[in-house]
Amino acid sequence: MRRRLLRHLTAIVTGLALAMGFIAVATVPAQAASFSLTISASAKTVVLGKTVTFTGKVSPKPSSRTLYLQRRYVGSSTWTTVKTFTAASSGSYKVSTGFTNDRDRHYRVYKPKSSSRKAGYSSGLQVIVDARPTGTPAALTSVNPAVEPLSGGAGVTVTGAHFTGTTKVTVTPQVPTSYTAKGDGVFPELTAGFTVTSDTELRVTPPASLAGTNLVKVYTPTTTATTTIAYTASTRAASAFEKQVLDQVNLRRGSVQTCNGKPMPAVRSLTWDGVYADLALSHAKDLAARQGAGYSGLSHTTYGLKDWSQRFSLAGYTSGASEDLALSPVGYSASQVVQQWMNSTSGHCESVMDGHWSRAGIGAATGLWGSQSSLFTNLDLR
């Protein structure tokens, strides 16, 4: 396959949906100069009645030293200016703020544009705000195991104290600021399943997530306790349905096919790649879990990221790859799912029949698309 710049193609077909993308090396264009800002906080977990002081620096030293402290509540997509202040002549700054509610939030510092530079923003910094405790605050002592496959679901045991009454557990990928959708360092929290087995133990079922360090937050009546786990690509076996999808793909690749009126020669069969399949299932499960709360149908780009290739690079894959997605009614057979790609006029058929690919990772997950029970199938090729 010819090397290409990053592409994202989507095709909508009656009763189903398809999406396809290719990944290759892309040249990053030069960016206009902008102000650069750092930010740090005196505390990242506080209770109502306390204040947090933010410090940092704007570079280069601006002639106009007016800066803005902005807040974005967790779960919101809107930044609101909460304080205007002035940096020192050196460009360093110090600003404090209090809290009127116990909602968790992010803060950043904003420097408006000047005649010679674009506006600049610090990365988003999360602050957890707890209500004044009415009892002994919960505490975490360990998480075991501290690793999770990309597709989640393996389960971890969290030990500590005062977990009774836990209301929510979330997981948040810690990705580079430049990877986030708005370049602000803010990524949406992902909801985890959990069971309070005792006042000192939680059984948590992490969701599918991105590779690398993930922040775990345990919300209790007295505090929000935090820890981290590491998501890493892990080998997994194919489910019965995923094996059938691979067989159906190889059945087509084993004979001449016609894609958009063009004959495509038979090519070698694909072999199952268990680690790549973890990446494929992770995205399929994320699509299924966050319909209406991030996604509306299919997308190669993980909601919260700026570009779809970043999901691959975080997992350690930086060379050429192809991804085909299918959204089908629950009950579709593997043959029907694959036939969606073969019938596509947007390059899916050509992707399936491309002889450059030798390995495949497949992930299939069910969820609601609107009110319809649907099947999300992801075919990753390399």
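Both faces of strand β12 are covered in this predicted model: Leu 125, Val 127 and Val 129 are buried on one side, while Gln 126, Ile 128 and Asp 130 are buried on the other. In a regular strand the side chains alternate between the two faces of the sheet. Strand β12 runs from residue 125 to residue 130, and six of its six residues are buried. Two strands that pair with β12 can be followed residue by residue. Strand β5, residues 45-47, runs parallel to β12 and is joined to it by three bridges; here Thr 45 stands opposite Ile 128. Strand β10, residues 105-111, pairs with β12 in the antiparallel sense, also over three bridges. In that pairing, Arg 105 has Val 127 of β12 as its bridge partner.

It helps to set this strand within the whole chain. The protein chain contains five helices and 26 strands, and its C-alpha atoms fill a box of roughly 70 × 60 × 35 Å along the principal axes. Of the 382 residues in the chain, 48% are buried. Contacts often link distant parts of the sequence: among those between residues at least 6 apart, 67% join residues at least 24 apart.

An open sheet of eight strands is found in the order β13-β15-β18-β17-β16-β19-β20-β14, and its pairing is mixed. Strands β13 (139-144) and β14 (147-149) form the edges, each pairing on one side only. From one strand to the next, the twist averages 35 degrees. Within this sheet order, β16 stands beside β19, and six bridges join these two antiparallel strands. A residue pair to look for here is Lys 168, which stands opposite Tyr 219 in β19.

Several of these strands also contribute to the largest nonpolar core, which has 23 residues. The residues with the most contacts inside this core are Val 158, Val 204, Leu 279 and Phe 312. Strands β15 (156-161), β16 (168-173), β18 (201-205), β19 (212-219) and β20 (224-232), together with helix α2, each supply at least two of the core residues. A second, separate core has 22 residues, including Leu 270, Ala 326, Val 337 and Trp 357.

Helix α2 itself covers residues 274-289. Its 16 residues should span 22 Å at 1.5 Å a residue, and the end C-alpha atoms are indeed 22 Å apart, so the expected and modelled spans agree. The N-terminal end of α2 is capped by Asp 273, which has a side-chain oxygen 3.2 Å from the backbone nitrogen of Val 275. Most of the helix is covered, with 13 of its 16 residues buried. Ser 282 lies in α2 and has a relative accessible area of 6%, so this residue counts as buried. Beyond its neighbours within four places in sequence, Ser 282 is in contact with Leu 150, Ser 151, Ala 208 and Ser 209.

Ser 209 also appears among the contacts of Pro 173, a residue of strand β16. With a relative accessible area of 3%, Pro 173 is buried. Its contacts outside the four nearest places in sequence are Phe 187, Pro 188, Leu 190, Ser 209, Leu 210, Thr 213 and Asn 214. Gly 193 lies 20 residues from Pro 173 along the chain, and their C-alpha atoms are separated by 16 Å.

The loops hold some backbone details worth a look. A cis peptide bond joins Ser 59 to Pro 60, with omega about -10 degrees, and Pro 60 lies in the loop between β6 (52-59) and β7 (66-73). The bond from Asn 144 to Pro 145 is also cis, with omega near -10 degrees; Pro 145 sits in the loop between β13 and β14.

Positive phi values occur at two loop residues other than glycine, namely His 162 and Asn 260. His 162, with phi near 65 degrees, is in the loop between β15 and β16. At 32% relative accessibility, His 162 counts as partly exposed. Asn 260 has phi near 55 degrees and is placed in the loop between β21 (257-259) and β22 (262-264). This asparagine is likewise partly exposed, at 44% relative accessibility.

How values were computed. Residues are numbered from 1 along each chain as its sequence is written. This is a predicted model: local features need pLDDT of at least 70, side-chain atom pairs count only at pLDDT 80 or more; totals for chains, interfaces and linings use all residues. Side-chain values use heavy atoms; hydrogens and water are left out. Helices (H or I, at least four residues) and strands (E, at least two) are DSSP runs, numbered from the N terminus. The expected span of a helix is 1.5 Å times one less than its number of residues. Buried means under 20% relative accessible area, exposed over 50%, partly exposed in between (1.4 Å probe, protein chains only). A polar contact is a pair of N or O atoms within 3.5 Å; within protein, one must be able to donate a hydrogen and the other to accept it, and residues adjacent in sequence count only if both atoms are side-chain atoms. Two strands pair if DSSP finds at least two bridges between them. A nonpolar core is a set of buried Ala, Val, Leu, Ile, Met, Phe, Trp, Tyr and Cys residues joined through side-chain atoms within 4.5 Å. Contact means heavy atoms within 4.5 Å. Axes are lines fitted to C-alpha atoms, for helices over the stretch in contact, and angles run from 0 to 180 degrees between N-to-C directions.
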